[in-house]
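This report describes the secondary structure elements of one protein model and how they are arranged. The sequence and the structure are shown first.

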Amino acid sequence: MARTAIIIGAGLGGSLLAHFLGQRGWHVRVFERRGDPRAAGYVGGRSINLAISARGLHALERAGLDAEVRANGIRMPGRMLHSPAGDTAYIPYSADPNRAIVSFSRSALNMMLLRAAAAHPTVEFHFEHRCTGIDEARGAAAFEFADGTRTEATADLVGGADGAFSAVRRHLERRERFEYSQTSLAHGYKELTIPPVAAGPHAPFAMEPNALHIWPRGGSMMIALPNPDGSFTCTLFWPFDAVPGRDDATFATVRDGRAALARFRRDYPDAVPLMPTLVEDYDRNPVGSMVTIRCWPWAIAGRFALLGDAAHAIVPFYGQGANASFEDCECLVDALERHPGDVARALEEYQRLRKPNADAIADMALANFVEMRDRTAHLSFKIKKKVDHALNRLMPRAFVPLYDLVSFTTVPYAAARERARRQDRMVLAAAAALALSVLVGGAFAMQALAAGLAAGSPAAAAPDAATPPAAPAAP
């Protein structure tokens, strides 16, 4: 008898999970509260372009869907930093020039995943169906259609993939001993656009296309990611409210497009000539909020499970939100295959493996916001990146920078963070030894640096290992 699944949410994670399960012969019904984007089309104005990296590409390759992303996405092997004076500085992400993250439209990727899942004869989609309740004992979910009619569905597996403000998770929050926290960032975001140009050194792109552009301004920043049509999707990150004693631009003080134009002429002067629709974009597009959500458990009653933002929403500053959701799908499907006929055991294993890694990337994403908006503008940041890349070239297995571990390998997030911490401690110790050797006139420090790093980093754990080690039990 075929196994059955209900997936609530037809976003990136929900559609990929439906595709994976459809490949494996599951009968899947996907319920989504919004309309069918295949009919309604995509409405822009509140999106952050995706940066697909090794983890996402690994999942898409397993799904047989990576070719389109590789062919139509735009490689970004580094950052392009824009100073207030309009000067630019390019910093590679990795010492290996072949490593790059890929800029890809969120809506295009969602459409691709949805169509792939819907192509399976055992997968069906139901749009404009809002989840109104969960019955744990029967494995049932209730839905209300746009016209007010109601329906109910039951299945062996019910996946809550309905985003940061998940209806499935709201039901779980009412259970005893369910742990939940939501932290909102003091900054919001607004989508803006740099359109294609007819002429110029990078035409149809107005700027270098193979880079993630960053305008770091201390308490705020703007980023821009390239699109295949030659445009850039820009995202402006400003505080919601003014901070006493600071003159930062905020969404509370810059109330309309004309005021935004004046502020851009001061803070982002090189971007202004590239943004002819700045005033209109600023007035038209809403301000979005960003949250970090943590909860536990992710799996209940032997058949309900949360994944993606419903389980672990993170801020977008490491570009790992979609990548982490795709890893959830892989981990869940693998657990189901390891425990055929025992969904409860598979879900328990899934949440035990994924929870520590979700917490780790949530912390790293918050820390990377500070790095992007504050530290990238400083000389010390550029020097550190050069040192990291030099050490990686000198000892490619013994020293792998954190950004490489997160973006260009599938080493579990928690293991990547711990390894980077060990490396940083060893580099600091070696730097102290170097300083001491200079003082005493010795010449042993560089040998100590190489020997210490080689001995202290587990070279046997190859940085591109795809199989995660057993994670500690989550709280």
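Which residues in α14 are buried? They are Y413, A416, R417, R419, A420, Q423, M426, A430 and S437, where buried means under 20% relative accessible area, exposed over 50% and partly exposed in between (1.4 Å probe, protein chains only). An α-helix has 3.6 residues a turn, so residues three or four places apart point the same way. Helix α14 spans residues 413-440, 28 residues, and reaches 41 Å from its first C-alpha to its last, close to the 40 Å expected at 1.5 Å a residue; the expected span is 1.5 Å times one less than the number of residues.

The model is predicted: local features need pLDDT of at least 70, side-chain atom pairs count only at pLDDT 80 or more, and totals for chains, interfaces and linings use all residues. Residues are numbered from 1 along each chain as its sequence is written, and side-chain values use heavy atoms, with hydrogens and water left out. Helices (H or I, at least four residues) and strands (E, at least two) are DSSP runs, numbered from the N terminus.

**The seven-stranded sheet**

Seven strands form an open sheet with mixed pairing, in the order β6-β5-β14-β15-β16-β13-β17; two strands pair if DSSP finds at least two bridges between them. Its edge strands, each pairing on one side only, are β6 (88-92) and β17 (288-296). From one strand to the next the twist averages 25°. Within this sheet, β15 (residues 221-226) and β16 (residues 232-239) are antiparallel and share six bridges, and A224 of β15 stands opposite C234 in β16.

Two helices lie across strands of this sheet. Helix α11 lies across β13 (179-194), β14 (212-216), β15 and β17, and runs at about 150° to β17. Helix α12 (residues 379-394) lies across β5 (78-82) and β6, at about 30° to β6. Axes are lines fitted to C-alpha atoms, for helices over the stretch in contact, and angles run from 0 to 180 degrees between N-to-C directions.

**Packing of α10 and α11**

Helix α11 (residues 343-373) also packs with α10 (residues 321-338), at an angle of about 145° and with the axes 8 Å apart. Their crossing is right-handed, a term used if the near helix is turned clockwise from the far one by less than a right angle, left-handed being anticlockwise. On the α10 side the contact is made by A324, E327, D328, C331, L332, A335, L336 and R338, and on the α11 side by V343, A346, L347, E349, Y350, L353 and R354; contact means heavy atoms within 4.5 Å. These residues divide into ten nonpolar, no polar and five charged. Ala, Val, Leu, Ile, Met, Phe, Trp, Tyr, Cys and Pro count as nonpolar, Asp, Glu, Lys and Arg as charged, and the others, Gly among them, as polar.

**The three-stranded sheet and strand β1**

An open sheet of three strands has antiparallel pairing in the order β9-β10-β11. The edge strands are β9 (129-135) and β11 (150-154), and the twist averages 25° from one strand to the next. The two pairings are set out below.

| Strands | Bridges | Opposite residues | Glycine with positive phi |
|---|---|---|---|
| β9 and β10 | six bridges | H129 and F145 | G139, about 65° |
| β10 and β11 | five bridges | A141 and A153 | G148, near 95° |

The β9 and β10 strands form a hairpin with four residues between them, and the hairpin of β10 and β11 also has four residues between its strands. A140 of β10 has T154 as its bridge partner in β11.

Four of the five residues of β1 (residues 4-8) are buried, so this strand is largely enclosed by the rest of the structure. Strand β1 pairs in the parallel sense with β2 (residues 27-32) over five bridges, with I7 opposite V30 in β2.

**Backbone exceptions**

Most residues other than glycine have a negative phi, and most peptide bonds are trans. The bond from A203 to P204 is cis, with omega near 10°, and P204 is found in the loop between β13 and β14. The bond from W296 to P297 is also cis, with omega near 0°; P297 is in the loop between β17 and β18 (299-300).

R177 is not a glycine but has a positive phi of about 70°. R177 lies in the loop between α6 (167-173) and β13 and is exposed, with a relative accessible area of 80%. A301 likewise has a positive phi, near 55°, in the loop between β18 and β19 (304-306). A301 is partly exposed, with a relative accessible area of 44%.
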